[in-house]
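Reader: I am a first-year student, and I should be grateful for a close look at a single part of this structure. Could the account begin with the largest pocket and then follow what surrounds it?

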Amino acid sequence: MSRLEAAAIIFGILFLIIFLLDYLFIKRSYLRKISKGKKKKKTNELTEIAYLVGRFKLDKQKLNLSKLLVIISLINSFIISLVAVVVLIINVHVVFQLLIGFVLLMTLIFAMYEILGQYLVKKENENV
């Protein structure tokens with residue numbers, strides 16, 4: 001088995017595990033709290049949603065939270081899995097692996113959430 005095949009398998013397994021943990025334990029519990037009508041506190045706000053609403057001036061009431069939470073979980077799983085696999089594949093000194101991983105992580109986070117935010121703005125404008 002080549003390194004590329006092994007990396008693809010590791011990526012797939014990591015992606016599934018991280019998605020299931022993120023969505024089932026974090027995002028669904030947030031969705032249950034919202035649907036039960038509990039008071040919304042600033043501390044209970046998900047960072048991803050707060051960033052998207054603040055950065056792109058989205059109307060939180062118009063967002064479909066159940067679909068948005070699935071998309072956010074998919075994005076988070078993709079980012080974490082990709083960074084982990086890239087760092088594992090690169091055969092350099094540990095300090096450089098950490099540096100490459102950090103730069104890649106920050107770049108992917110900002111790029112993916114920028115794309116998601118622009119998509120949500122476009123969808124919100126179409127529905128008006």
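Author: For the description that follows, Ala, Val, Leu, Ile, Met, Phe, Trp, Tyr, Cys and Pro count as nonpolar, Asp, Glu, Lys and Arg as charged, and the others, Gly among them, as polar. The model is predicted. With that sorting in hand, the lining of the largest pocket divides into five nonpolar, two polar and four charged residues.

The residues concerned are Lys62, Leu63, Asn64, Lys67, Leu68, Ile71, Tyr119, Leu120, Lys123, Glu124 and Asn127. The volume of this largest pocket is about 310 Å³. Two helices, helix 3 (65-89) and helix 4 (94-126), each supply at least two residues of the lining. Helix 4 gives the most, with four residues.

The setting of the pocket is a chain with four helices and zero strands. Read from the N terminus on, the elements run α-α-α-α. The C-alpha trace spans about 50 × 25 × 25 Å along its principal axes, and 27% of the 128 residues count as buried. Among contacts between residues at least 6 apart in sequence, 72% join residues at least 24 apart.

One member of the lining, Glu124, merits separate attention. Glu124 has its place in helix 4. Side chains of opposite charge can pair when their charged atoms come close. Glu124, however, is buried yet has no salt bridge. The nearest side chain of opposite charge belongs to Lys62 and is 5.4 Å away. A salt bridge requires a side-chain nitrogen of Lys or Arg within 4 Å of a carboxyl oxygen of Asp or Glu, so a pair at 5.4 Å is not counted. Leaving aside residues up to four places away in sequence, Glu124 touches Lys57, Leu58, Asp59 and Lys62.

Among these contacts, Lys57 lies in the loop between helix 2 (47-56) and helix 3. Most residues other than glycine have a negative phi, and most peptide bonds are trans. Lys57 has a positive phi of about 55 degrees although it is not a glycine. Lys57 is exposed, because its relative accessible area is 67% and the cut-off for exposed is over 50%.

Salt bridges do occur elsewhere in the chain, and the count comes to four. One of them joins the side chains of Lys27 and Asp22, at 3.0 Å from N to O. Both Lys27 and Asp22 are buried. Lys27 also forms a salt bridge with Glu48, where the closest N and O atoms are 3.6 Å apart. This second pair links distant parts of the chain, with Glu48 in helix 2 and Lys27 in helix 1 (residues 3-35), 21 residues apart. Glu48 counts as buried because its relative accessible area is 18%, and the cut-off for buried is under 20%. Lys27 is buried as well, at 2% relative accessibility. Asp22, Lys27 and Glu48 are thus linked in a network of salt bridges.

Another salt bridge joins the side chains of Lys60 and Glu45, at 2.7 Å from N to O. This pair also links distant parts of the chain: Lys60 is in the loop between helix 2 and helix 3, while Glu45 is in the loop between helix 1 and helix 2, 15 residues apart. Lys60 is partly exposed, with a relative accessible area of 21%, and Glu45 is partly exposed at 23%.

Terms used:
Residues numbered from 1 in each chain as written. Predicted model: local features only at pLDDT ≥ 70, side-chain atom pairs only at ≥ 80, totals over all residues. Heavy atoms only, no water. 1 Å grid on protein atoms, 1.4 Å probe; cavity = no way out; pocket = protein on both sides within 12 Å on 5 of 7 lines; lining within 4 Å. Points joined across faces, edges and corners; volume = space filled by probe spheres on them. Buried < 20%, exposed > 50% of the residue type's maximum accessible area, 1.4 Å probe, protein only. Lys, Arg positive; Asp, Glu negative; His and termini not counted. Contact = heavy atoms within 4.5 Å.
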